[in-house]
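User: I would like a close look at one part of the model shown below. Please answer in connected prose, with each criterion given where it is used.

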Amino acid sequence: MRGGGGALHARAGAGGRDTSGGAPGDGAGGREAPPEHARPSLTPPHIPLPRTAPTPRAAFRPLPVRDARDAVTTAALFLRWLGYEDVSDAGPEEERPPSGARLTALGVVAQIEPTVRHASLRDVECAWLTAMAHSATCVCFALCDFTPTARTRADELNVALFRIDLTGAPEPLNGAADELTATGA
């Protein structure tokens, strides 16, 4: 009831006449809504949209994986799809991983295990250490899977884990991977 009586009182006025200027029963009180351009924006122009804002991104188009090189190529294509433009193989010898392959781009270091061996705890930790040295996001891909200890440690370190199936589609395996897939670079 609160607030409803004030409008009725304003419409009826002192002598029971309609003083609002509007038509009886229109409920608007005779006032028109302000034009659309006169309403203030709910988002100030100086505040950027959050990283989780949806971006128009086409669906990832996987390529079939027939060998180890295809797995590395799929990881590179997926990183580009996420928004990392300058993906390339790891540079000097000291940057090469103990096993598998490594891709780098501005803001990301990716470890790829392109064989049927499970990616190990050591693979995840070495990739994470390299990423931390470059102040970059760490992502690990495996053609087969990750050992249970590697998965646990990746969750603790917030390392995104992806399994690449033979169709070439990277499957997110943990929360960090889900978030990276949703937000992109």
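Which residue in β3 is the bridge partner of R102? Please describe the surroundings of that pair as well.

Analyst: The bridge partner of R102 is Q111, in β3. This is a predicted model, in which local features need pLDDT of at least 70 and side-chain atom pairs count only at pLDDT 80 or more, whereas totals for chains, interfaces and linings use all residues. Residues are numbered from 1 along each chain as its sequence is written, and side-chain values use heavy atoms, with hydrogens and water left out.

Helices (H or I, at least four residues) and strands (E, at least two) are DSSP runs numbered from the N terminus, and two strands pair if DSSP finds at least two bridges between them. Strands β2 and β3 run antiparallel and are joined by five bridges. The two strands form a hairpin with two residues between them, and G107 in its turn has a positive phi of about 95 degrees. Strand β1 (residues 88-89) is also antiparallel to β2, with two bridges between them; there, D89 stands opposite L103 of β2. Four of the five residues of β2 are buried, that is, under 20% relative accessible area (exposed is over 50%, partly exposed in between; 1.4 Å probe, protein chains only).

Helix α2 (residues 68-82) packs against this hairpin: its buried residues contact β2 (101-105) and β3 (108-113), as well as β4 (137-142), β5 (160-164), β6 (170-172) and α5 (175-183), contact meaning heavy atoms within 4.5 Å. The buried residues of α2 include D70, A71, V72 and F78. The 15 residues of α2 reach 21 Å from first to last C-alpha, close to the expected 21 Å, which is 1.5 Å times one less than the number of residues. G83, with a positive phi near 120 degrees, follows α2.

One residue of α2, F78, also takes part in an aromatic pair. Rings of Phe, Tyr and Trp (its six-membered ring) pair if their centres lie within 6.5 Å; planes under 30 degrees apart count as stacked, over 60 as edge-to-face and the rest as tilted. Six aromatic pairs are counted by this rule. The ring centres of F78 and F162 are 5.1 Å apart and the planes are at 65 degrees, so this pair is edge-to-face. It links distant parts of the chain, F78 lying in helix α2 and F162 in strand β5, 84 residues apart. F78 is buried at 3% relative accessibility, and F162 is buried at 0%. Ring pairs link both residues with F60, W81 and F141 into a cluster.
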